[in-house]
Amino acid sequence: MSLSIPRGIVYHTLGQDIGALFSATFAPLDDTGTVRSFEAAFATYQGREHCVAFPFARVAIYEALRARAIAPGSEIIMPPITIKAMLDVVLELGLVPVFVDLDPETLCFSEEALQEAITDKTKAILITYLFGMVPRVAEMVAMCRERGIFVLEDFSQCLNGRYDDQKVGSFGDVGIYSASSIKTLDTYGGGLLVCDDGALVEKLRTAQAALQPPSRVLLIKKIATDLARNLATRRFVFHFGTFPLIKLMGWLKPGSTMKHTGGRNQEMVDQLPKWWFERYTSFQARLGMKLLPGVAESDGQRISNVRTLQHKAPAVRFPQGVDSGSSVYWQLVGYFDKPSEATGSLGARGVDTSTTSLEKISNLAAYPVKGVTPNADRLYSNGLLIPAYTRLSDQDVARVADALGDVSSR
């Protein structure tokens, strides 16, 4: 019997999540020395001088923009697809988001569209490496540096991605990594900001010290979420429990199970929630130091799986990236003209797929800011996340490839 293949995984063992759930109940959470040790290790890993740990990537971006003292009314170039919280922090600071369309091959800004979007009011840019794809980042950063634009790189989905053998996250003024659930380095949350600017770091340390003490309850909730996802995507449980439930929910409410980790609240916030501003814990830092050395090996297996799928399913249109880039394919994206039909056909072959749970923030109904981004629209609506993660066997990868071939041949 062939067990069904989940749409994604948590990059922890079940034992790690179960152990963390028990130990987080009693472990110290606010040991600054342990956090500093992990910050130093992560900065070295990224090839940067400094790292400052915040509770979320959104908070790291908020504090970086605040430390830079960018005047309200200034423009910040943003990706049209990301988490809604990135838009919330930008608006909280009084900045004006400008959405630039994506290149369908790199899933990052089109260089031509970026050039056209830059004005005298542009003071910052948030470069995001969606799904682990690497664009021509050096050229984009150089374009921005000529104009004195503050460059933030969100490499949350592209840890270990490289361009011209330099890690993404090390090109701009700051890089930000979200160590949240289902990421390749998952420390039950956290926003790790890296940079080389000592003066900026001093301001960020002040902001870090002003954060509220960490909440043990919130940490345990994050661990419990990871454990639930981890258990639900274990093959036996998934085949006999999770997947049948997904199919049933999809039948009862068509489209309700298309998002990778479910739908998210799209309402505009009146103010940033206080619980966003609690310190990154030493418990998370200890886990980070334990997991960090194994990320690259895990990447290698996933990239190998992607290469096999690209070779064996040539009829599927996958983003190609750039020649000088080394993408890590946190999630493999394929474009489909009829994604709902493709999802159903793949599901009938025992391969679970989904669209992204990120938001298309360039067109949220509750927000006054909009953007015209046709390439991003197609990625958001027609891009399916294809299983290619580390835990797949060679036989699993062959099954996914066969299923893709069957769908694309119709």
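A residue counts as buried when its relative accessible area is under 20%. That cut-off helps with a first look around this structure, which is a predicted model.

**Two cysteines and a threonine**

Take C158 to begin with: its relative accessible area is 0%, so C158 is buried. C51 falls under the cut-off too, since its relative accessibility is 3% and it therefore counts as buried. T355 joins them as a buried residue because its relative accessibility is 6%.

| Residue | Relative accessibility | Status |
|---|---|---|
| C158 | 0% | buried |
| C51 | 3% | buried |
| T355 | 6% | buried |

How many disulfides are there? The count comes to zero, with a disulfide taken as a pair of cysteine sulfur atoms within 2.5 Å. C51 is in no disulfide, and the nearest cysteine sulfur to it belongs to C195, 8.9 Å away. For C158, the closest cysteine sulfur is in C108, and at 9.5 Å that is too far for a bond.

As for T355, you'll find it in the loop that runs between α12 (339-348) and β13 (359-360). Leaving aside residues up to four places away in sequence, T355 touches M258, K259 and H260, and also Y380, S381, G383, L384 and L385.

**The nonpolar core**

Now for the largest nonpolar core, which has 51 residues. F42, F109, L114, I125, I127, L185 and F283 are the ones with the most contacts inside it. Several elements give two or more residues to this core, among them the helices α2 (32-46), α5 (111-117), α8 (216-232) and α10 (282-291), along with the strands β1 (50-54), β5 (122-128) and β10 (191-195). Which element gives the largest share of this core? That's α6, with five residues; this helix covers 137-145.

I127 is worth a closer look. Not counting residues up to four places away in sequence, I127 touches C108, F109, M140, V141, V151, L152, E153 and D154. One of those, F109, is also listed with I127 among the residues with the most contacts inside the core.

**A three-stranded sheet**

Finally, there's an open sheet of three strands, set in the order β8-β7-β11 with antiparallel pairing. Why is one side of β8 (166-167) and of β11 (325-326) left without a neighbour in the sheet? Both stand at the edges and each has a single partner strand, so there is no neighbour on that side. β7 (residues 162-163) pairs with β11 over two bridges, in the antiparallel sense. Within the sheet, Y163 stands opposite G325 in β11.

Methods
Residues numbered from 1 in each chain as written. Predicted model: local features only at pLDDT ≥ 70, side-chain atom pairs only at ≥ 80, totals over all residues. Heavy atoms only, no water. Pairing = 2+ DSSP bridges. Helix = DSSP H or I, 4+ residues; strand = E, 2+ residues; numbered from the N terminus. Buried < 20%, exposed > 50% of the residue type's maximum accessible area, 1.4 Å probe, protein only. Contact = heavy atoms within 4.5 Å. Core = buried A, V, L, I, M, F, W, Y, C linked by side-chain atoms within 4.5 Å.
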